[in-house]
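Subject: The structure I promised you

Hi,

Here is the structure I said I would pass on, together with some notes on what turned up in it. Have the 3D view open while you read, and click along as you go.

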Amino acid sequence: MKTKLTLALIAIMLIIACSTVPLTGRKQLRLLPESMLTGMALTQYNEFLSTNKVVTQTEQAVMVKNVGDKLAHAATRYLSQHGQAGRVAGYQWEFNLVQDNSVNAWCMPGGKVVIYSGILPITQTEEGLAVVMGHEIAHAIARHGNERMSQMLTMQMGGIALDVAMMNQPNETRQLFNTAYSIGSTVGVMLPFSRKHESEADRLGLVFMAMAGYNPVEAVGFWRRMSSVGGAKPPQFMSTHPSDEKRIKNIKKHMGEALKYYKPK
């Protein structure tokens, strides 16, 4: 009887926790309050900034902040127009450039974005940078990290632990967050997103950059440049999903959709 009740509670939680990803309309599982993840992310983000060289007041640092601000405003505008403004409620966007030769970038829950200087030779231009930042912002807005942690919770902790995990940021939940974001020796280098999440971030990112006034066609050139970097071992930014021709083909497939939002300045 107890087992049946537990299973029933889990089923109810799964139904309640389903939400819809902007633009794609895909249903996703999100068991954790976003405010919980935002709080944990802020702690780790501040730790990362305190132990890495943050670049300020250079032309590149200013560009990172300017591009980030434009994309954040564009994304917020898109969500407001489609009745999903709640996705960024409480977000306090920050955009920082760090001196690090890694080809990498990330965005944590709550809108904390970090760009590594090592990716700038590949972005080359402001529009190339918008491709990267739009993609990372899209991961956060689509709440892919929450979805991944929710899946980990259901697989590893069971129905009773799910209830416990959602109260007061217990150690179990924090450990899962640390695992999902590889917190520890390499803060901010997240576990690879799935191909589904990567494709979703590409598609959303194209729309966000187009609404911010950047030509989304630049995404094709950027991912082609990325595909030639790293040899047998792709850069961290590419996760386990190299920017192969299939990815570029998918980007081209959604280009018409993004171009509807693009108004050259």
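Let's start with a cavity lining. The residues around the second largest cavity divide into 5 nonpolar, 2 polar and 1 charged. Keep in mind that this is a predicted model, and that the values below are computed from it.

**The cavity**

How many cavities of 30 Å³ or more does the count come to? The count comes to 2. The second largest cavity has a volume of about 50 Å³. To find it, select Val131, His135, Asp202, Gly205, Leu206, Ala219, Trp223 and Ile251, which line this cavity. Three helices supply at least two residues each to that lining: H5 (126–141), H9 and H10 (218–227). Which helix gives the largest share? That is H9, with 3 residues.

**Two of the helices around it**

H9 covers residues 195–211, which makes 17 residues. At 1.5 Å a residue, H9 should span 24 Å, and its end C-alpha atoms are 25 Å apart, so the two values agree. Is H9 mostly enclosed or open to the outside? Since 13 of its 17 residues are buried, H9 is largely enclosed by the rest of the structure. After H9 comes glycine 213, with a positive phi near 95 degrees.

You can run the same kind of check on H5. This helix has 16 residues and reaches 22 Å from its first C-alpha to its last, close to the 22 Å expected at 1.5 Å a residue. H5 is mostly covered too, with 14 of its 16 residues buried.

One more residue to click on here is histidine 254, in the loop between helix H11 (245–253) and helix H12 (255–259). Buried or exposed? Its relative accessibility is 16%, so histidine 254 counts as buried, the cut-off for buried being under 20%. Leaving aside residues up to four places away in sequence, histidine 254 touches Arg203 and Leu206. Leu206 also appears in the cavity lining.

**The sheet**

Now turn to the strands. Strands of a sheet pair through backbone hydrogen bonds, either parallel or antiparallel. What is the order of the strands in the open sheet of 4? The order is S3-S4-S6-S5, and the pairing is mixed. S3 and S5 (105–108) are the edge strands, as each pairs on one side only.

Here is the sheet, pair by pair:

- S3 (residues 54–55) and S4 pair in the antiparallel sense over 2 bridges, and valine 55 stands opposite leucine 97 in S4.
- S4 and S6 (residues 112–116) run in the parallel sense, over 5 bridges. Glutamate 94 stands opposite lysine 112, asparagine 96 has valine 114 as its bridge partner, and leucine 97 faces isoleucine 115 across the pair.
- S5 and S6 pair in the antiparallel sense over 4 bridges, and alanine 105 stands opposite isoleucine 115.

S5 and S6 form a hairpin with 3 residues between the strands, where glycine 110 takes a positive phi near 95 degrees.

How covered are the strands in the middle of the order? S4 (residues 94–98) has 4 of its 5 residues buried, so mostly covered is a fair description. For S6, 5 of the 5 residues are buried, so this strand is largely enclosed by the rest of the structure. In a regular strand the side chains alternate between the two faces of the sheet. In S6, Lys112, Val114 and Tyr116 sit on one side and Val113 and Ile115 on the other, and all are buried, so both faces are covered.

**Two backbone angles to look at**

Most residues other than glycine have a negative phi. Which residues go the other way? Glutamine 124 is one of them: it is not a glycine, yet its phi is positive, about 70 degrees. Glutamine 124 lies in the loop between helix H4 (120–123) and H5, and at 55% relative accessibility it counts as exposed.

Arginine 143 is also a residue other than glycine with a positive phi, near 55 degrees. Arginine 143 follows H5, in the loop between H5 and helix H6 (144–156). At 10% relative accessibility, arginine 143 counts as buried.

Have fun clicking around!

Conventions: Residues numbered from 1 in each chain as written. Predicted model: local features only at pLDDT ≥ 70, side-chain atom pairs only at ≥ 80, totals over all residues. Heavy atoms only, no water. Expected span 1.5 Å × (residues − 1). Buried < 20%, exposed > 50% of the residue type's maximum accessible area, 1.4 Å probe, protein only. 1 Å grid on protein atoms, 1.4 Å probe; cavity = no way out; pocket = protein on both sides within 12 Å on 5 of 7 lines; lining within 4 Å. Points joined across faces, edges and corners; volume = space filled by probe spheres on them. Nonpolar A, V, L, I, M, F, W, Y, C, P; charged D, E, K, R; others polar. Pairing = 2+ DSSP bridges. Contact = heavy atoms within 4.5 Å.
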